[in-house]
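Please walk through the structure shown below, starting with side-chain burial and moving on to ring pairs, a pocket and some backbone angles.

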Amino acid sequence: MLKNIFNSAGIAQKNHVMCQEKNVIYYAASTNIMRYENNKITPIIRYGSEITNLKVRDGIILSDRDNYVEHNNAVIFECNDAIQAVNKSRIVKYNGMLCDVKVFCSFDKIYIFCEKCVFYVEQEGTTALDCIIVDESVFLVCGTLDGKILKFTISLAGLLGFDESGRNSFGTDCTHGYEHMYREERKIEKITDIKRMHSYTVKSVKAHEDTVTDIKINESVVLSSSQDKTAKIHDLQTLEHVDTLIGHRDYVYESNFVDNHDEIISAGADNCVIVWEFKDGWKSKVRLGNLMSTPFYSALVINEKLGMLEEEDMERSDRKTEQKNEYFVIVQSYNGGMYRYCNTDLVESVSGHVDKITTLDVKNDFILTGSPDRTVRLYYKLREVARPCIHGHPIRSAVFFNDYIIVGSDESILRVYEKTSGVQKILHDIDLRTSATEPGSDTFGTGTVDEKCEVQQEDAPFVATPSELSLTNEIRKITTPLFLNEHTLQNILCFRERKKIYAQFFANACLASNNKIILCANKSSSLKFSGIFVIVDFVVVQYIAVHNLGIENIEISNSGEYVVAVSRDKSVSFYQILDRSRSHSEKNEYVRKDGKNAIQIDADGSEKVINKILKDSLYYLDFRKRILSHTRKINTASFDDTSTLFATGSKDRNVLIYSVDCLEVIRTLKFEEEVTALRFYRENLFVGLKNGFIKVFTNDGTYTQVYERKIHGKSVNEIKVDGNTIVTVSDDSMMRVFSLDIG
């Protein structure tokens with residue numbers, strides 16, 4: 001029923017979470033492992049908490065925030081202290097058996113795991129480590145807080161001697177990928193046999209003047225990176241100094257061997273990546289970056305094919321392209337973005353949020369997402385084309401409103417954004433025809449542009465950039481060629497702030513809109529402040545409150561006639577939108593107005609309502625009923641396509657389906673997990689759960705389950721449908737797009 005066609009997720013904001021196996025890059029995104037190849041992301045959905053360290057090498061080893069060490073979806077160890085680093089060797093054949101060695105460390109111990117037992121060595125201040133099996137020896141090299149490099153030499157026979165089987169049950173044929181290992185819940189196979197290691201030799205050398213941040217080894221040398229702004233090479237056997245790589249102006253976070261180890265690539269806090277080559281010593285070959293002040297955590301080199309848009313960009317920059325695989329440098333930035341260089345040209349890459357995604361809206365081929373990572377991201381035809389808002393506050397809500405985007409955050413105002421001509425140019429480059437529909441139609445991105453941002457000025461389009469001193473983006477002309485890449489998205493392809501709406505009492509909780517009205521609610525814990533603000537023409541015209549606690553979600557029916565709101569107070573409120581352009585009658589009978597413009601009244605003789613009519617308007621909300629039906633807070637609501645039914649989902653693990661005519665519950669669906677997202681579509685009801693599952697039911701009166709799948713590592717926060725695609729977002733920081741085949 002659901003075929004995955006696009007994924008978006010940023011890289012965790014720390015080092016040691018991006019690595020490479022062959023020509024594939026793996027990185028951590030919240031709880032999940034993302035597989036990057038040919039500028040596309042495929043998620044490996046896993047159970048557990050956020051990943052803190054990740055290594056893929058003939059299998060996957062990682063640590064998470066719960067201080068578990070996990071290998072190929074099996075928990076093998078639980079540490080009392082935070083895990084500083086993890087690593088593993090290649091799988092080798094020894095005495096006719098397949099075996100490998102896994103290593104990990106806390107701040108004061110190094111652990112070595114081989115088959116059924118964990119050995120440990122006490123070593124204070126360990127920050128990074130790597131291991132390799134050479135002949136019949138295991139070389140374990142670690143770096144320390146005070147700049148030392150230590151090499152432990154351990155007999156492989158000694159590690160396997162306690163278990164003559166020695167057969168590694170975790171051996172992996174990586175040619176088929178690792179996804180199949182994570183299709184089920186992770187196993188708990190904690191090792192309880194923990195022994196102090198006695199049989200080993202150790203060598204130590206003072207290699208750096210500051211903390212060692214990274215260690216890589218091959219069969220001949222040790223490559224170390226440090227906060228002393230250098231990377232160094234030492235002989236693996238003797239630990240004698242071979243060379244020092246000097247070129248960074250700040251911490252070197254990570255260095256990696258390239259291809260057949262004839263090149264090295266390093267990434268640092270100076271926003272610089274250096275490719276080193278060996279010519280009478282290691283020399284700087286290429287420097288990349290220096291675009292901004294934020295650090296680069298990691299850099300890797302792969303070969304992949306250019307996309308069509310990238311080839312056009314290369315041609316416009318007077319660079320000849322060849323129809324063959326290109327040399328790409330993939331860089332992990334501090335903000336979770338992926339900088340992708342083709343030789344020295346920065347080209348389009350796939351990125352995403354680095355925190356949970358709290359809001360989602362779709363309109364035609366556009367997708368809009370927002371997150372507490374303080375960014376709002378706009379996608380068109382499955383490409384990220386702009387970041388309308390890079391905010392100083394966590395984002396709570398973002399919705400389309402005609403040709404604008406409305407954003408609510410942890411501040412009391414709403415901000416209204418419109419595209420710049422720079423964004424228009426990018427949209428044109430991916431074949432958006434802005435003149436295809438008339439201004440004011442229901443197609444975002446095709447309306448008018450402010451006279452200061454005329455799209456005709458293609459030689460010098462206007463762009464919006466984040467301001468260092470304000471939350472309002474700055475407008476300026478750009479005279480250099482404008483291409484789509486991580487740097488332009490983060491620094492140039494923002495939206496212009498059109499205006500501010502001073503509506504809410506406190507931080508935003510939720511937003512809803514159609515092409516006529518905007519509805520919003522703020523966080524609250526009392527009736528006085530738990531209402532809905534009705535905004536028409538960017539002016540607050542009404543405030544209506546019926547809930548005792550804050551509203552979690554507001555939904556407007558497809559017909560534009562009804563509104564439903566759900567709250568933490570376990571109740572549902574239902575409203576009708578009064579359209580005075582269709583009727584000459586005055587406001588509803590119970591809506592009265594005195595000189596102070598604030599009245600508390602009882603609707604239907606029982607329900608207490610606060611209703612403030614603030615301005616004359618064509619549209620108001622008419623409160624119909626408050627329904628007390630759930631036993632715990634309500635998270636989500638959705639109308640069906642015909643606006644005759646609506647459903648609510650709650651922490652009480654129930655979905656209740658109501659008739660719009662009688663405003664009574666007509667069906668209850670029970671689940672094993674908290675219900676966090678709902679969406680009716682045609683003859684189906686999509687239900688998102690706290691555990692990352694999505695379930696699909698028929699909407700024919702029987703509500704028979706027809707589909708089930710785990711699509712996220714954490715709670716499904718929103719489900720939206722546009723045409724034959726379904727879009728989901730989650731607490732796991734991932735946005736996913738599926739094509740629908742529902743028969």
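A residue is called buried when its relative accessible area is under 20%, exposed when it is over 50%, and partly exposed in between, with a 1.4 Å probe and protein chains only. By that cut-off Tyr253, with a relative accessible area of 15%, is buried. Tyr297 also counts as buried, because its relative accessibility is 9%. This is a predicted model, in which local features need pLDDT of at least 70 and side-chain atom pairs count only at pLDDT 80 or more, while totals for chains, interfaces and linings use all residues. Residues are numbered from 1 along each chain as its sequence is written, and side-chain values use heavy atoms, with hydrogens and water left out.

Aromatic rings come next. Rings of Phe, Tyr and Trp (its six-membered ring) pair if their centres lie within 6.5 Å; planes under 30 degrees apart are stacked, those over 60 are edge-to-face, and the rest are tilted. Over the whole structure, a search gives 27 aromatic pairs. In one of them, Phe77 and Phe104, the ring centres are 5.3 Å apart and the planes stand at 45°, so this pair is tilted. Secondary-structure elements are DSSP runs numbered from the N terminus: helices are H or I with at least four residues, and strands are E with at least two. Phe77 belongs to strand β9 (residues 74–78) and Phe104 to strand β13 (residues 102–105), so their pairing ties together parts that lie 27 residues apart in sequence. Phe77 and Phe104 are both buried.

The two tyrosines from the start form a pair as well. The ring centres of Tyr253 and Tyr297 are 5.0 Å apart with planes at 70°, so the pair is edge-to-face. Tyr253 sits in strand β26 (residues 252–258) and Tyr297 in strand β30 (residues 296–304), so that the contact links distant parts of the chain, 44 residues apart.

Elsewhere, Phe505, Phe506, Phe529, Phe533 and Tyr543 form one aromatic cluster. The C-alpha atom of Tyr543 is 9.8 Å from that of Leu519, although the residues are 24 apart along the chain. Leu519 is in strand β45 (residues 518–522) and is buried, with a relative accessible area of 0%. A similar kind of entry can be read for Ile60, in strand β7 (residues 60–64). Ile60 counts as buried at 0% relative accessibility, and its C-alpha atom is separated by 9.7 Å from that of Tyr26, 34 residues away along the chain.

Rings also meet charges. A charge sits over a ring if NZ of Lys or CZ of Arg is within 6 Å of the ring centre and within 35 degrees of the ring normal. The charged end of Lys109 is placed in this way over Tyr120, 5.9 Å from the ring centre. For Lys710 over the ring of Tyr47, the distance to the centre is 4.4 Å.

Among polar side chains, consider Asn611 in strand β52 (residues 607–613). Asn611 is buried, with a relative accessible area of 4%. Its side chain joins that of Gln542 through a polar contact of 3.1 Å. Such a contact is a pair of N or O atoms within 3.5 Å; within protein, one must be able to donate a hydrogen and the other to accept it, and residues adjacent in sequence count only if both atoms are side-chain atoms.

Helix α3 (residues 421–429) is mostly covered, with 7 of its 9 residues buried. Among them are Val423, Ile426 and Leu427, and also Lys425.

The backbone has two angles to check. Most residues other than glycine have a negative phi. Asn67, not a glycine, has a positive phi of about 65°. Asn67 lies in the loop between β7 and β8 (68–71) and is buried, with a relative accessible area of 17%. Asp280 has a positive phi too, near 55°. Asp280 is in the loop between β28 (272–278) and β29 (282–289), and with a relative accessible area of 80% it is exposed.
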